[in-house]
2 protein chains.
Amino acid sequence: MKRPTIHDVAAAAGVSRGTVSRLLNGDKYVSPAARVAIERAISETGYVVNRAARSLVTQRTGSVVMVLSEPHEKLFEDPNYSTTIRVAIRMLAERDMSLVMMLAGDEGDRERVVRYVRGGHADGVLLMSTHAGDPFIDALQSGPPAVSCGAVIGRESVIPYAAADERLGGRQMTEYFVGQGRRRIAMITGPMDTPGGIQRLEGFADVLGRKATKKLIAHGDWTQASGERAMSELLARTPDIDAVFVASDLMAAGALAALRAAGRRVPEDVAVGGFDDSSVALSTHPPLTTIRQPLAEVAQATVRLLLTLIDGAEHVDPVILPTELVIRASA
Amino acid sequence: MKRPTIHDVAAAAGVSRGTVSRLLNGDKYVSPAARVAIERAISETGYVVNRAARSLVTQRTGSVVMVLSEPHEKLFEDPNYSTTIRVAIRMLAERDMSLVMMLAGDEGDRERVVRYVRGGHADGVLLMSTHAGDPFIDALQSGPPAVSCGAVIGRESVIPYAAADERLGGRQMTEYFVGQGRRRIAMITGPMDTPGGIQRLEGFADVLGRKATKKLIAHGDWTQASGERAMSELLARTPDIDAVFVASDLMAAGALAALRAAGRRVPEDVAVGGFDDSSVALSTHPPLTTIRQPLAEVAQATVRLLLTLIDGAEHVDPVILPTELVIRASA
DNA sequence: TTTCAGTCTGTGCACGTTCACAGAACCTTC
DNA sequence: GAAGGTTCTGTGAACGTGCACAGACTGAAA
């Protein structure tokens, strides 16, 4: 039993293919009588358009590809992903478009993505967590519109993006520490080739100025273990620290462990601030004071940018959304 | 500047469309001379096949749709998702297939999925975390092959799946408690319409037999808050508990908070066991003894089942993979 | 009546591929 | 040299849709 085609619908409704096609594509110039007949025929036959045939003639695929630029080993649970995926699916579904996922972890992956996109298999590209100087961004330039969820360092001008104001978040936490009368404020950053790594530190430095010395700054790689290590480093280097701003909740959990091991009380001896307001922030002891990012809003803005470009806009401006301080027991 | 077609490649290589098509589809009967000429022409022109045109004639789309059956509000970070998504993308990419994502949170979503699948837009369906008695599984029966990542309760016979042996996990943790000489062992379960909710409890009951009384069992909904609430309930009901098996790490984090509030020491007074071995298990204090699920292996097995069915197999058997006890400080 | 604009409809063609088929070229064997 | 099997190649016909175009019908204005 074959799937019904537009011919079958037309025949059942007693009209021609063209009329059915017009109705399907929201064209005006379809008489009320034809309209009801066709709608009935569609539901009777269970017709659904063949996207392949349509895209063959329209040169559009009705799909957007989301590219995950994480190296394979790092399967860490980034809440950003699940939120963005869901928001994107939902917004695309409203326009009857679908989301296809691709990985860009190694060279082979990236080549595959470029081939896919260049081959015209997607109407747009949604980049996730792309690292600084990623060469394959250039390869994407000539194809369909591409946007990034989160800033692409060094390429802000070439690829539109939506992101949280990470720098503001850094300032918010640091100002909070200062306002509490903390005097020796340290920071554990993320990798310095990511926006979160760079910009959260910038916010920290904005507030502290020259008091943000190298001795007070340690680097992690987002993992809990790296947070623990960095905290130990800091304690060894500058024992009189009374506050530490950690660039992610997960690393902050590591920092808490190191502080506990060193016999420091939190928040009495050392205040700890995280970033992300992830579920980890609630499961630590004490729960983390942290910075909440407007994840869903960023995702929405990203998709909106992409759709605007797909609709033919020449240029869009980046969108930067404010973060928010969430106060809990750790600071 | 138009995209090159198979005609352009054929012309550049001095052969006909048919020969190029044969090479592309791995057919034998292509002479060595033609082969090199075509391969050169392909790389010179930058040709990449038009999937829409191909799928129009082959009736295959080269894509698999992953259906996320979570209600919208619950955007909780399930590590299962990110692992399965990555594994699926990777395995599909090897066969030059792509993964498209859809949501099935409400009735409208589900209808969209059914239309999409029935419309022949996917060669297979990969169900994630489908709840018991989900009616839309039946709607999927008549379409392309569908498999589930995780058991589908009450439908094990109708839809193939791969899953972790949740029941075994429940036994492992409970036996560990028994072996340690714990006498009053309680359990906090997940929702009783999910495999994780039901089967982890079954494992618990397997070991404890009639000692697993109703008084010792409380129910949560996977959230941290529900874990905390359930733990308080249990303590009020049965104050002499000396161990509790919590069906997820996140809920276990909540249980730890409740125990701390009640002045119980962990693990001295009460041993706590979690489930999942998620990142939360490491960030709690003390770190959680828990059950590790072979997430990646389950994902691989799921995709393999689906591909086997897509390749024409009539029937496949479900795959159930063993869990593993991970001992940390909480028990 | 004629003219014209507006509304609605049907038809042929193109999109880029695969597949079945026919046939050419080559080798082996009688 | 005829016959028969491989191996290889080109060609026409689909697949299901959107779009441009031509034309039919309406009603209003000249």
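Here are some exercises on a predicted model, each with a worked solution.

In this predicted model, local features need pLDDT of at least 70 and side-chain atom pairs count only at pLDDT 80 or more, while totals for chains, interfaces and linings use all residues. Residues are numbered from 1 along each chain as its sequence is written, and chains are lettered from A and ligands numbered from 1 in the order in which they are written.

**Exercise 1. The two DNA strands**

Task: Find which residues come nearest to DNA strand C and to DNA strand D, and which helices supply the surfaces near them.

Step 1. Begin with the cut-off: a residue is near a strand if its C-beta atom, placed from the backbone, lies within 6 Å of it.

Step 2. Around DNA strand C there are 26 residues, and Ser16(A), Gly18(A), Thr5(B), Ile6(B) and Ser21(B) come nearest. For DNA strand D, also with 26 residues around it, the nearest are Thr5(A), Ile6(A), Ser16(B), Gly18(B) and Ala34(B).

Step 3. Now look at the helices (DSSP runs of H or I, at least four residues; strands are runs of E, at least two; both are numbered from the N terminus). On the surface near DNA strand C, α2 (17-24) and α4 (51-58) of chain A and α2 (17-24) and α4 (51-58) of chain B each supply at least two residues. The surface near DNA strand D likewise takes at least two residues from each of α2 and α4 of chain A and α2 and α4 of chain B.

Step 4. Which helix gives the largest share? For DNA strand C, α4(B) does, with five residues; for DNA strand D, α4(A) does, with five residues.

Step 5. Sort by class (Ala, Val, Leu, Ile, Met, Phe, Trp, Tyr, Cys and Pro count as nonpolar, Asp, Glu, Lys and Arg as charged, and the others, Gly among them, as polar). The surface near DNA strand C has twelve nonpolar, ten polar and four charged residues. Near DNA strand D, the residues divide into twelve nonpolar, ten polar and four charged.

**Exercise 2. Two helix pairs**

Task: Describe how α1(A) meets α3(A), and how α1(B) meets α2(B).

Step 1. Two packed helices are described by the angle between their axes and the distance between the axes. Axes are lines fitted to C-alpha atoms, for helices over the stretch in contact, and angles run from 0 to 180 degrees between N-to-C directions.

Step 2. The axes of α1 (residues 6-13) and α3 (residues 32-45) of chain A come within 8 Å and cross at roughly 125 degrees. That angle makes α1(A) oblique to α3(A) (under 35 degrees is roughly parallel, over 145 roughly antiparallel, 65 to 115 roughly perpendicular and the rest oblique).

Step 3. Contact means that the C-beta atoms of two residues, placed from the backbone, lie within 7 Å. From α1(A), the contact uses Asp8(A), Val9(A), Ala12(A) and Ala13(A), and from α3(A), Ala37(A), Ile38(A), Ala41(A), Ile42(A), Glu44(A) and Thr45(A). By class, this contact of α1(A) with α3(A) has seven nonpolar, one polar and two charged residues.

Step 4. In chain B, the axes of α1 (residues 6-13) and α2(B) come within 8 Å and cross at roughly 105 degrees. α1(B) and α2(B) are therefore roughly perpendicular to each other.

Step 5. Here Ile6(B), His7(B), Val9(B), Ala10(B) and Ala13(B) of α1(B) meet Arg17(B), Val20(B) and Ser21(B) of α2(B). The contact of α1(B) with α2(B) divides into five nonpolar, two polar and one charged.

**Exercise 3. The sheets**

Task: Trace the order of the strands in the two open sheets.

Step 1. Strands pair if DSSP finds at least two bridges between them.

Step 2. In chain A, four strands form an open sheet in the order β7-β6-β8-β9, with parallel pairing. Its edge strands, β7 (217-219) and β9 (271-273) of chain A, each pair on one side only.

Step 3. Within this sheet, four bridges join β6 (residues 185-189) to β8 (residues 243-246) of chain A, and Ile185(A) stands opposite Ala243(A) in β8(A).

Step 4. The other open sheet has twelve strands in the order β11(A)-β5(A)-β4(A)-β3(A)-β1(A)-β2(A)-β2(B)-β1(B)-β3(B)-β4(B)-β5(B)-β11(B), with mixed pairing. At its edges lie β11 (319-321) of chain A and β11 (319-321) of chain B.

Step 5. Where do the chains join in this order? β2 (residues 98-103) of chain A runs antiparallel to β2(B), joined by three bridges, and Met101(A) stands opposite Leu99(B).
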